[in-house]
Amino acid sequence: AAFVEGVKRLLEEDVEYKEGEFWMALLRSTMSVEDVFELIGPEHIRDLLHKRPRNLQALLQRIIVSLQEICSSADATGTVGATEVTMINTSVRLLLRVAPFLHEERASCASMLWG
């Protein structure tokens with residue numbers, strides 16, 4: 001439920017990068033690859049790209065930061081907990097869903113990601 005509500009919110013309103021609870025709830029959701037691809041259709045990603053690019057940028061930044069933090073923690077402790085595994089899986093699945101559409105919109109995405 002948190003994942004569906006989170007995606008809906010990303011599509012309908014501006015979500016700030018600093019809203020940590022929102023992003024953690026989204027990334028901690030246990031979602032299969034099929035669920036992610038079914039719940040986030042191509043039209044949703046294109047809407048994010050064109051209507052809410054700051055939300056897409058924040059999503060991608062949150063994914064990267066979360067993965068970096070998990071890797072750093074795993075390096076320090078030698079372990080990865082169940083919550084972190086869920087976050088890794090959800091993050092990678094979201095990246096797999098979004099990446100092809102970033103390729104479609106190279107010019108606008110390049111400035112969003114690197115500018």
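**Note on the cavity, a pocket and the aromatic residues**

1. The largest cavity has a volume of about 80 Å³. The structure is a predicted model, and it holds 1 cavity of 30 Å³ or more.

2. The lining of the largest cavity is formed by Val7, Leu10, Leu11, Leu26, Ile40, Ile45, Leu48, Leu59, Leu94 and Val98. By class, this lining divides into 10 nonpolar residues, with no polar and no charged residues.

3. Which helices each supply at least two residues of that lining? They are α1 (2-12), α4 (42-51) and α6 (82-104). Helix α1 provides the largest share, 3 residues.

4. Phe3 is also found in helix α1. Is Phe3 buried or exposed? With a relative accessible area of 1%, Phe3 falls under the 20% limit and is therefore buried.

5. Leaving aside neighbours within four places in sequence, Phe3 is in contact with Leu26, Ser29, Met31, Val36, Leu39, Ile40, Thr90 and Leu94. One of these partners, Leu39, stands 36 residues from Phe3 along the chain, and the C-alpha atoms of the two are separated by 9.1 Å. Leu26, Ile40 and Leu94, among the contacts of Phe3, also belong to the lining of the largest cavity.

6. The second largest pocket encloses about 150 Å³ of space. Its lining consists of Asp14, Val15, Glu16, Tyr17, Arg54, Asn55, Gln57, Ala58 and Gln61. In this lining there are 3 nonpolar, 3 polar and 3 charged residues, whereas the lining of the largest cavity has no polar and no charged residues.

7. Tyr17, one of the residues lining the second largest pocket, has a charged residue over its ring. Arg62 lies over the face of Tyr17, at 4.3 Å from the ring centre.

8. How many aromatic pairs does a search of the whole structure find? The search finds 1. The ring centres of Phe22 and Trp23 are 4.8 Å apart and their planes stand at 80°, so this pair is edge-to-face. The relevant cut-off is an angle over 60 degrees between the planes.

9. Both members of the pair, Phe22 and Trp23, are buried. Phe22 takes part in a further arrangement: Arg9 lies over the face of its ring, at 4.9 Å from the ring centre.

Key
Residues numbered from 1 in each chain as written. Predicted model: local features only at pLDDT ≥ 70, side-chain atom pairs only at ≥ 80, totals over all residues. Heavy atoms only, no water. Phe/Tyr/Trp six-rings, centres within 6.5 Å; stacked < 30°, edge-to-face > 60°. Buried < 20%, exposed > 50% of the residue type's maximum accessible area, 1.4 Å probe, protein only. Lys NZ or Arg CZ within 6 Å of the ring centre and 35° of its normal. 1 Å grid on protein atoms, 1.4 Å probe; cavity = no way out; pocket = protein on both sides within 12 Å on 5 of 7 lines; lining within 4 Å. Points joined across faces, edges and corners; volume = space filled by probe spheres on them. Helix = DSSP H or I, 4+ residues; strand = E, 2+ residues; numbered from the N terminus. Nonpolar A, V, L, I, M, F, W, Y, C, P; charged D, E, K, R; others polar. Contact = heavy atoms within 4.5 Å.
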